[in-house]
Amino acid sequence: MKKVPSISTFKVFANRRTIQKNPLNFHHRNFKKLGDTFSVSIPAEGRVIFTRDPELVKQVLQKKHRSFEKSKLQTKDLAKYIGHGLLTSNGEHWRTHRRMIQPAFHQKKLKGLLGIMRSAIQEELDRIKPGSDLNVIPLMGDLAFQVVAKTLFSHNDIRQPMAELKQITEVNQNMLVTEMRRPYLRWWYRLTGEITKHIGFSNRARDILNGLVENRLSQDVDRDDLLDMLLKATYEDGTHMPRKQLLDELMILFTAGYETTASALSFTLFFLAKNQLAQEKILGEVTNLGKTQLEWEDFAKLPLTSSSIKEAMRLYPPAYFMDRVATENTDLNGVRLKKGGMILLSIFELHRHPSFWENPYEYQVDRFVGLDSKAYGNYFYPFGAGPRMCIGNAMATYEMILTVAEIVKNFKLSTKMDGVEINPLITLKPLDIQVNFERRNS
């Protein structure tokens, strides 16, 4: 059995203000001082193991995944705001609905949604006013949100209800992060009605989605979008999803389906704005295809465009940590977890680990070009891994390649910013990214 270095509850409490603002700096100092695995005593949680050891990460997510489940942070705390769907459930409930929903994200289905995705992206890019600095975070947030909205509800004019839904999603995430980082004040949030207020916001979001579902059912028309696929999905006995479960899955598709993509795109645009040569190389790669618009078969012909996004997600992975709870006594290469013990996988630290990445803190736009995924698969988890890998990873990848290709083809990007300040919420977000969009000559 390996001896795991430990950090006391007192040290956590002494650094509470730093952790509240940005826990990543606190964790980094500990990894640097104590090694790839250490434990922390957290009030109300007990002993939690933190690791950036690639073998432990692989065992938890893949080799021994049956011995772990998601923590109550997701299955209880997050679920009270967005429901019990794929992201927030465990066990047979999760397995049943994963099997039901998986076909909606099959490559053949996604290929049929390409036109809707392309149209939604172009509509948002047409709103860019060139010649001035723009904050790309809300810009990419709107773009990613509209892509999810249009692929789910393809033929509805939904910009107004979607704007309200997006606002609710962001407000509730901020509330959850406050609860997560100050668990000792949860009693106060309950007493003052803050939690009840935000659950009320969630109920309003459900009403919006329910109205869109009712509208679709009343039309009795095949749209062949994601909503149609979810409405047609059946359990083994041939029955359809109950309305409550359908709304849970829709809430989660919106929450998980736009924010991670928006953050990854925002970071990518920042790095490209800092690297004019990279932009020109991507522009050449896109224009050499000789297409006015990208088709399905073109994605494989854009390795540099793809690499530019992967490299941004390496440095700033939206899912910057993943937590799991042991469902039985488990041994991970000599690190033992008792049943009920929690382990936190630091994807942020693994993606920057100097033992596995050359110049790990540098953005290298071509880092992944020409590499087989087996060369870096044990150290790179932008969408997770194993059975619980993000169900929408392929859709998000195609959406991001389409977006970056269209932006670089139409705009020359620049920025006066030297770096990016990050905001670690449930996902890793940038605080502010100002980019100048200069229209390219036709």
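**Exercise 1. Find which residues of helix 6 are buried, and which helices are included in what covers them.**

Step 1. Start with the cover: helix 12 (226-232) and helix 13 are included in what lies over the buried residues of helix 6. Here a helix is a DSSP run of H or I with at least four residues, a strand is a run of E with at least two, and both are numbered from the N terminus. Covering rests on contact, meaning heavy atoms within 4.5 Å.

Step 2. Now look at helix 6 (residues 91-101): its buried residues are W94, T96, H97, R98, M100 and I101. Buried means under 20% relative accessible area, exposed means over 50%, and partly exposed lies in between, with a 1.4 Å probe and protein chains only.

A word on the model before going on. It is predicted, with local features needing pLDDT of at least 70 and side-chain atom pairs counting only at pLDDT 80 or more, while totals for chains, interfaces and linings use all residues. Residues are numbered from 1 along each chain as its sequence is written, and side-chain values use heavy atoms, leaving out hydrogens and water.

**Exercise 2. Describe the nonpolar cores and the surroundings of F105.**

Step 1. A nonpolar core is a set of buried Ala, Val, Leu, Ile, Met, Phe, Trp, Tyr and Cys residues joined through side-chain atoms within 4.5 Å. The largest one has 119 residues, and those with the most contacts inside it are F105, L152, L250, F254, L272, L413 and F437.

Step 2. Helix 13 (residues 243-273) supplies the largest share of this core, 17 residues.

Step 3. Zoom in on F105: setting aside residues up to four places away in sequence, F105 touches L110, L226, L253, I391, G392 and M395.

Step 4. There is also a second, separate core of 18 residues, and I49, L56, L61 and A326 are among its members.

**Exercise 3. Work out how helix 7 and helix 17 pack.**

Step 1. Two packed helices are described by the angle between their axes and the distance between the axes. Helix 7 (residues 107-125) and helix 17 (residues 393-410) meet at an angle of about 35 degrees, and their axes are 10 Å apart. Axes are lines fitted to C-alpha atoms, for helices over the stretch in contact, and angles run from 0 to 180 degrees between N-to-C directions.

Step 2. On the helix 7 side, L110, L114 and M117 are among the contact residues, and on the helix 17 side M395, Y398 and L402 are among them.

Step 3. Sort the contact residues by type: ten are nonpolar, three polar and three charged. Ala, Val, Leu, Ile, Met, Phe, Trp, Tyr, Cys and Pro count as nonpolar, Asp, Glu, Lys and Arg as charged, and the others, Gly among them, as polar.

**Exercise 4. Lay out the sheet with the order 5-13-10 and find the helices on it.**

Step 1. Three strands make this open sheet, and the pairing is antiparallel. Two strands pair if DSSP finds at least two bridges between them.

Step 2. Strand 5 (133-135) and strand 10 (411-414) are the edges, each pairing on one side only.

Step 3. Strand 10 and strand 13 (residues 434-439) are joined antiparallel by four bridges, and S414 stands opposite N436 in strand 13.

Step 4. Helix 8 (residues 136-152) packs on the sheet and touches strand 5 and strand 13, with its direction at about 55 degrees to that of strand 5. Helix 13 also packs on the sheet, touching strand 10 and strand 13, at about 85 degrees to the direction of strand 10.

**Exercise 5. Place strand 6 in its sheet and say how its residues are covered.**

Step 1. The open sheet has six strands in the order 1-2-3-9-6-4, with mixed pairing. Its edges are strand 1 (6-7) and strand 4.

Step 2. Strand 6 (residues 321-326) runs antiparallel to strand 9 (residues 342-346), with five bridges; F321 has S346 as its partner, and D323 stands opposite L344. Strand 4 (residues 68-69) pairs antiparallel with strand 6 over two bridges, where F68 partners A326.

Step 3. F321, D323 and V325 point one way, M322, R324 and A326 the other, and all are buried.

Step 4. Helix 4 (residues 54-63) lies across several strands, including strand 6 and strand 9, at about 120 degrees to strand 9.
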